[in-house]
Amino acid sequence: MSFSSQVKSNYQPKRLAVKLNAKGEQFVIKKHPWVFSNNIVKINDAAKTGDLTIVFSKNKNKVIGLGLYDANSPIRIKIIHSDASKAEINADFFHQKIKEAYTKRLGLLKTNTTSYRLLFGENDGFPGLIADVYDSVLVVKLYSEIWLPYLEAILQSLQVVSNVDTIVIRLSRGLQQSKNHQLKDGDVVFGVLENEVVAFIEHDVKFSANVIKGHKTGYFLDHRANRKQVGEWSKDKTVLDVFSYAGGFSVHALYNGAKEVTSLDISKQALEIAVQNGKLNHYEGKHKTIAGDAFEALKKLIKNNITFDVVVIDPPSFAKQASEIELAKKKYAQLAQLGAQLTASKGLLVLASCSSRVLAQSFFDINLQVLNSQPRPFKNTLNTYHDTDHPISFPEGAYLKCGYYRFLN
């Protein structure tokens, strides 16, 4: 099994003894994967990114966790092992963790689905590392340099467990600018990539992802169950898919017999991909597109008295930092209000959020508050969260929530 030389690291990680303050210690004991710089009381002076940190309890000198040191982040230590059991951090340790993650996805892989998230960062014990499979291509997205000394071993295990033919590396902006490695965003580090656009299947529906130039790893896998659900409720309906990107909800609706689907996105390029993804499947409905700012486009549709049987509004994250939370909440309220006006008699409004800083209960409360203030009676038929390949192991790991609201007249 040969990997390109870029994945090899010359750095030999050191072992660092670490002591934390009471708050940091509680984080680790409760299996939280983050230790902030202000939680560290004592650490070796020469600590470097990728070094293995052995976290000792404050009083008893007992090991309570193992992590990787990140000199470039306020989250200074990313915990990778906080079990009471002892662990040797080596290739076998990572291999076992990857096998455990794969086992959690087996239920999904029994369906006609060839795309899935194999590693979901901290939630699978790999902070700052995402691994998504698209048919026979695995895309690994790195958000932290902590993984550089261990990358070759991890990639080998990922290939063995997922049995893919090709591995592509994607890098966060910070890593693209780093001088500490030879990797480039979009590097094919194992096998051959015949085409950067990779075809895959999601619950019988055909899609494609650009694994080199697409957002994140090429596609958003987290909404898979919601797309399937919306598709099943779209037969003979008119559907509006707002912030449609590559047409996930649109294509499922068309595949399931929607009469007419409108994909709305600010990116013309994304809309072209949505149309192409639709054409990978057989459908008889009409697929229309609107390119423009969602808020303005929705107001225009309302002004023209246009309504839809199913309206799906799935915006990008509105709160990347704490200072944006209140504005994000206002935007969600505005979208709920616009969505309600666009939903036809006895229609379905689907509202989603991927802002981890806006908690699920808060998001659902906003929707109910807005919908209760408008005249039509409705029923909140369903609230959903992450699909099974996005397991949650700590509170901040949860970000996706989706509410379904059926109008009764």
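This briefing describes selected features of the structure shown above. The model is a predicted one. Among its elements is an open sheet of seven strands, and helix 6 lies across strands 17, 18, 19 and 20. Aromatic pairs are also described, and they come to 24 in the count.

**The sheet**

- The seven strands of the open sheet follow the order 16-15-14-17-18-20-19, and their pairing is mixed.
- Strand 16 (286–291) and strand 19 (378–384) stand at the edges; each has a single partner strand, so one side of each lacks a neighbour in the sheet.
- From one strand to the next, the twist averages 15°.
- In general, the strands of a sheet pair through backbone hydrogen bonds, in either a parallel or an antiparallel manner.
- Strand 14 (residues 238–242) and strand 17 (residues 308–313) run parallel and are joined by four bridges.
- Opposite Val242 stands Ile313 in strand 17.

**Helix 6 and Asn226**

- Helix 6 lies across strand 17, strand 18 (343–353), strand 19 and strand 20 (401–407), and the helix runs at about 15° to strand 20.
- Asn226 belongs to this helix, which spans residues 224–232.
- The relative accessible area of Asn226 is 3%, which falls under the 20% cut-off, so the residue counts as buried.
- Apart from its neighbours within four places in sequence, Asn226 is in contact with Phe249, Thr384, Tyr385, Cys402 and Tyr404.
- With Tyr404 there is a polar contact between the two side chains, at 2.8 Å.
- Asn226 and Lys401 are separated by 175 residues in sequence, while their C-alpha atoms are 9.9 Å apart in space.

**Aromatic rings**

- As a general description, a pair of aromatic rings is given by the distance of the centres and the angle of the planes.
- The count for this model is 24 aromatic pairs.
- One of them is the edge-to-face pair of Phe94 and Tyr150, with 5.6 Å from centre to centre and 65° between the planes.
- This pair links distant parts of the chain, 56 residues apart: Phe94 is in helix 2 (residues 91–104), and Tyr150 is in the loop between strand 9 (137–142) and helix 4 (151–162).
- Both Phe94 and Tyr150 are buried.
- Tyr102 and Tyr116 form an edge-to-face pair, 6.4 Å from centre to centre and with 65° between the planes.
- Because Tyr102 lies in helix 2 and Tyr116 in strand 7 (residues 115–120), the pair ties together parts that are 14 residues apart in sequence.
- Tyr102 is partly exposed, with a relative accessible area of 24%, whereas Tyr116 is buried, with a value of 4%.
- A cluster linked by ring pairs consists of Phe295, Phe318, Tyr332, Phe363, Phe364 and Tyr385.
- Tyr385, a member of this cluster, is also among the residues in contact with Asn226.
- Arg376 lies over the face of Phe407, 4.1 Å from the ring centre.

**Loops on either side of strand 14**

- Asp236 is found in the loop between helix 6 and strand 14, and its phi is near 60°, a positive value in a residue other than glycine.
- Phe243 is found in the loop between strand 14 and helix 7 (248–255).
- The phi of Phe243 is near 60°, again a positive value in a residue other than glycine.
- Phe243 has a relative accessibility of 19%, and it counts as buried because the cut-off is under 20%.

Notes:
Residues numbered from 1 in each chain as written. Predicted model: local features only at pLDDT ≥ 70, side-chain atom pairs only at ≥ 80, totals over all residues. Heavy atoms only, no water. Helix = DSSP H or I, 4+ residues; strand = E, 2+ residues; numbered from the N terminus. Buried < 20%, exposed > 50% of the residue type's maximum accessible area, 1.4 Å probe, protein only. Contact = heavy atoms within 4.5 Å. Polar contact = N/O pair within 3.5 Å; in protein donor to acceptor, adjacent residues only side chain to side chain. Pairing = 2+ DSSP bridges. Axes fitted to C-alpha atoms, helices over the stretch in contact; angles between N-to-C directions. Phe/Tyr/Trp six-rings, centres within 6.5 Å; stacked < 30°, edge-to-face > 60°. Lys NZ or Arg CZ within 6 Å of the ring centre and 35° of its normal.
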